[in-house]
Amino acid sequence: MNEQLWNHHPDHVSDQDLTGYTVQATDGRIGKVDRHSAEVDAAYLVVDTGPWIFGRQVLLPAGTILRIDHEERTVLVDRPKDEIKGAPEFVGEHGAVPADHLSALGSYYRPMI
């Protein structure tokens, strides 16, 4: 697993809760942070990409974060909307994300880093 992909950039590490922050892809708004993890070598955002029935949840590795604006409550990521929407759907429960899901996502995002 690529540690760079699964860790926050040192400038982005914060004790603040990112839940509810808007997630901004390179080409527009993609959704809101449902939850997040700052776990070393397994940090991520779970992003809700739309309304309850039509949306889905995807997991974004912390290494995709370009900037966090706490005043505007926005997380800017370095991926376009189509790539995020094309990621494998996250269907996990609260708690630890299975290693096989992190591995699959690492393979999905790795070519883009």
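Biologist: Is Ile65 buried or exposed?
Modeller: Ile65 is buried, because its relative accessible area is 5%. Buried means under 20% relative accessible area, exposed means over 50%, and partly exposed covers the values in between, with a 1.4 Å probe and protein chains only. Please note that this is a predicted model, in which local features need pLDDT of at least 70, side-chain atom pairs count only at pLDDT 80 or more, and totals for chains, interfaces and linings use all residues. Residues are numbered from 1 along each chain as its sequence is written, and side-chain values use heavy atoms, with hydrogens and water left out.

Biologist: Which strand does Ile65 lie in?
Modeller: Ile65 belongs to strand E5. Strands (E, at least two residues) and helices (H or I, at least four) are DSSP runs numbered from the N terminus. The C-alpha atom of Ile65 is 6.3 Å from that of Asp78, although the two residues are 13 apart along the chain.

Biologist: In which sense do E5 and E6 pair, and over how many bridges?
Modeller: E5 and E6 are antiparallel and share four bridges. Strands count as paired if DSSP finds at least two bridges between them. One of the bridge partners is Thr74 in E6, which is matched with Asp69.

Biologist: How many residues lie between the strands in the hairpin of E5 and E6?
Modeller: There are four residues between these strands, and Arg73 in this hairpin has a positive phi near 55°. Arg73 is not a glycine. Most residues other than glycine have a negative phi.

Biologist: Does Arg73 count as buried, partly exposed or exposed, and what is its relative accessibility?
Modeller: Arg73 has a relative accessibility of 39%, so it counts as partly exposed.

Biologist: On to Thr74. What does it touch?
Modeller: Leaving out residues up to four places away in sequence, Thr74 is in contact with Tyr21, Thr22, Gln24, Arg67, Ile68 and Asp69. Contact means heavy atoms within 4.5 Å. Thr74 itself is part of strand E6, which covers residues 74–77. In addition, a polar atom of the Thr74 side chain is 3.1 Å from the backbone oxygen of Glu72. A polar contact is a pair of N or O atoms within 3.5 Å; within protein, one must be able to donate a hydrogen and the other to accept it, and residues adjacent in sequence count only if both atoms are side-chain atoms.

Biologist: What is the order of the strands in the sheet?
Modeller: The sheet is open and has six strands, in the order E4-E3-E2-E1-E6-E5, with mixed pairing. E4 and E5 are at the edges with a single partner strand each, so one side of each has no neighbour in the sheet. From one strand to the next, the twist averages 35°. Axes here are lines fitted to C-alpha atoms, for helices over the stretch in contact, and angles run from 0 to 180 degrees between N-to-C directions.

Biologist: In what sense do E1 and E6 pair?
Modeller: E1 and E6 are parallel, with three bridges, and Gln24 stands opposite Leu76 in E6. By contrast, E1 and E2 run antiparallel and are joined by four bridges. A hairpin of two residues connects E1 to E2, and Val23 has Gly31 in E2 as its bridge partner.

Biologist: Which residues in the largest nonpolar core touch the most other members?
Modeller: Leu45, Leu59, Leu60 and Val75 do, within a core of 27 residues. E3 gives the largest share of this core, four residues. A nonpolar core is a set of buried Ala, Val, Leu, Ile, Met, Phe, Trp, Tyr and Cys residues joined through side-chain atoms within 4.5 Å. In soluble globular proteins, nonpolar side chains tend to be buried together.

Biologist: And what does Leu60 touch?
Modeller: Beyond four places in sequence, Leu60 touches Val23, Tyr44, Leu45, Val47, Val77, Ile84 and Tyr109.

Biologist: Where is Thr49 found?
Modeller: Thr49 sits in the loop between E3 and E4. Thr49 counts as buried because its relative accessibility is 18%. Its contacts more than four places away in sequence are Ile30, Gly31, Gly55, Arg56 and Val58.

Biologist: Lastly, how many helices and strands are in the chain?
Modeller: The chain has two helices and six strands, running β-β-β-β-β-β-α-α from the N terminus. Of its 113 residues, 40% are buried.
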